[in-house]
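Work through the exercises below with the model open. Try each task before reading its solution.

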Amino acid sequence: MDRIQIRGGNRLNGEIRISGAKNAALPLMVASLLTDEPLTLASVPHLTDISQLAEILGGLGVEITMEGNGHNEGEVGRVLKLHAKTIKSTEAPYELVRKMRASFLVIGPLIARCHQAKVSLPGGCAIGTRPVDLHLKGLEAMGAEIELSEGYVIARAPKGLHGAHILFPFVSVGATENLMMAASLAKGTTVLENAASEPEVTDLGNCLLAMGARIEGLGTRTLRIEGVDRLHGARHTVLPDRIETGTYVMAVAATGGEVELLGTRSDLISSVIPLLKDAGVGIQPTNRGLRVSRNGAHYSGIEVTTEAYPGFPTDLQAQLMALMATANGVSRITETIFENRFMHVPELLRMGADITIDHQTATVRGVGRLRGAPVMATDLRASVSLIIAALAAEGETVVNRVYHLDRGFERIEEKLSSLGADIRRIKG
Ligand code: EPZ
């Protein structure tokens with residue numbers, strides 16, 4: 001299993017390009033199931049989650065080809081062409097779905113297009129139990145008959161799906177995406193209330209619009225989708241990754257230095273910018289992206305609660321905690337989206353952090369400096385928080401179980417070393 005070795009203490013300086021968003025690319029790839037024409041996606045990041053979903057889609061009959069890296073057209077990242085001319089299977093097996101929860105999103109499009117689907121329940125994961133009840137209730141309201149058998153969801157809609165009025169009891173990114181895709185091919189109008197307004201949901205909605213869907217209210221909490229008989233092919237560029245953006249912002253804030261993040265947008269991290277600016281970190285939009293700097297002056301503690309968009313994202317909570325571990329003052333960080341998302345805390349403690357947890361709230365008392373240590377991470381965002389801590393720490397840190405990082409951060413060692421970090425991957 002690969003490990004990453006970091007010698008901390010170097011400031012980060014220079015510029016790096018932000019990749020396309022993993023959490024937008026995944027549902028966008030699934031949207032290819034909704035049409036028998038090709039869907040071309042540009043700026044798809046090179047990540048193991050993307051290859052795993054490609055494998056699942058391939059099993060359903062989607063032909064996937066790479067059209068090159070898009071540099072000639074001013075695009076970065078890979079260009080993928082996904083063509084679901086015929087769906088040859090409507091079954092997504094446990095062995096593949098359990099590895100990546102986002103693959104559960106195939107259920108809505110499969111029922112909408114083929115009127116049936118058999119998809120493994122994804123199961124829990126390190127950050128929480130993560131049920132899919134909202135996805136299933138929504139599909140039932142749209143006319144699907146759902147049966148749970150031997151760990152699988154078996155869904156049938158012999159007469160096709162119909163529109164429905166669905167009020168989510170709380171915001172779910174995945175359920176909103178699943179039902180928005182299903183509703184695009186359902187008969188009649190579907191209204192999704194208390195829907196997710198995350199930029200990745202809007203990106204999916206914009207791609208569906210380009211495919212001929214009729215959706216109103218993108219970016220708001222109420223979506224109105226008028227079903228159409230068929231969708232057609234389209235070309236769409238994946239939006240920049242706001243979590244990768246925020247992660248590098250926090251890395252530079254932790255180490256000091258000045259870095260321009262190219263190809264990203266400040267509106268994608270609008271909940272993060274004022275918080276860090278108040279704490280003493282410099283962040284300015286530029287015409288190429290965003291510049292982040294911290295030169296000399298120290299930053300203070302903060303108080304924050306994770307929330308659905310446009311609130312502070314749960315996917316940046318661990319990174320913020322690593323940054324605040326060396327702040328000048330006390331921070332209070334409350335996690336409200338997932339019940340078990342503080343697993344980076346024991347590892348940060350091994351590096352000398354002073355953090356206590358009371359239910360959903362972590363109190364982080366800034367210490368002058370963290371010290372390098374061997375650490376291990378249990379999920380993607382926790383892993384990268386340890387990388388941030390290691391970059392700012394004194395001495396050497398070895399981060400184990402790097403496969404988590406490879407799921408969601410494109411070429412992270414390359415990007416960080418180009419900024420001056422002393423970081424290398426140890427194969428094995
Ligand atoms: C998406 O997961 C992201 N994944 C997550 O990113 C992100 O943390 C999360 O949204 C919240 O922003 C992708 O986009 C692929 P939810 P998702 O449905 O859609 C509960 C990362 O590191 N819930 O919004 O699965 C659920 O358990 C990942 O990139 C139900 O109870 O999240 C959670 O507590 C991790 N029943 C809350 O809702 C349901 O049917 C929000 O989950 C669905 C969700």
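The exercises cover the ligand site, a pocket, the cavities and one buried side chain, all in a predicted model.

**Exercise 1. Describe the shell around the ligand.**

Task: find how many residues surround the ligand, and which are the closest.

Solution.
- Step 1. Count the shell: 22 residues surround the ligand. Asp133, Ser172, Asp315, Ile337 and Arg381 are the closest.
- Step 2. Sort the shell by class. There are 11 nonpolar, five polar and six charged residues.
- Step 3. Map the shell onto helices. At least two residues come from each of α1 (22-30), α5 (133-141), α6 (173-184) and α12 (380-392). The top contributor is α5, with three residues.

**Exercise 2. List polar side-chain partners of the ligand.**

Task: which distances separate ligand atoms from the side chains of Asn23, Arg130 and Asp133?

Solution.
- Step 1. Take the ligand oxygens. One ligand oxygen atom lies 3.0 Å from an N or O atom in the Asn23 side chain. For the Arg130 side chain, the distance from an N or O atom to a ligand oxygen is 2.9 Å.
- Step 2. Take a ligand nitrogen. A polar atom in the Asp133 side chain is 2.6 Å from it.
- Step 3. Check the cover. The ligand alone exposes 830 Å², and the protein buries 86% of that.

**Exercise 3. Characterise the empty space.**

Task: give the volume of the second largest pocket and of the largest cavity, then their linings.

Solution.
- Step 1. Start with the pocket. The second largest pocket has a volume of about 280 Å³. It is lined by 16 residues, with Ala112, Arg113, Leu185, Val228 and Asp229 closest to its centre. Its lining splits into seven nonpolar, three polar and six charged residues.
- Step 2. Turn to the cavities. Three of them reach 30 Å³ or more. The largest cavity holds about 50 Å³.
- Step 3. Read the cavity lining. Its residues include Arg242, Ile243, Tyr309 and Leu316. By class, eight are nonpolar, three polar and one charged.

**Exercise 4. Place Thr247.**

Task: is Thr247 buried or exposed, and which side chain does its own side chain contact?

Solution.
- Step 1. Locate the residue. Thr247 sits in helix α8 (residues 242-255).
- Step 2. Apply the cut-off. Thr247 has a relative accessible area of 2%, so it is buried, the limit being under 20%.
- Step 3. Find the partners. A polar atom of the Thr247 side chain lies 2.6 Å from the backbone oxygen of Ile243. The Thr247 side chain also makes a polar contact with the side chain of Gln319, at 3.0 Å.

Definitions and conventions:
Residues numbered from 1 in each chain as written. Predicted model: local features only at pLDDT ≥ 70, side-chain atom pairs only at ≥ 80, totals over all residues. Heavy atoms only, no water. Near = heavy atom within 4 Å. Polar contact = N/O pair within 3.5 Å; in protein donor to acceptor, adjacent residues only side chain to side chain. Areas by Shrake-Rupley, 256 points an atom, 1.4 Å probe, with all protein chains shown as cover. Helix = DSSP H or I, 4+ residues; strand = E, 2+ residues; numbered from the N terminus. Nonpolar A, V, L, I, M, F, W, Y, C, P; charged D, E, K, R; others polar. 1 Å grid on protein atoms, 1.4 Å probe; cavity = no way out; pocket = protein on both sides within 12 Å on 5 of 7 lines; lining within 4 Å. Points joined across faces, edges and corners; volume = space filled by probe spheres on them. Buried < 20%, exposed > 50% of the residue type's maximum accessible area, 1.4 Å probe, protein only.
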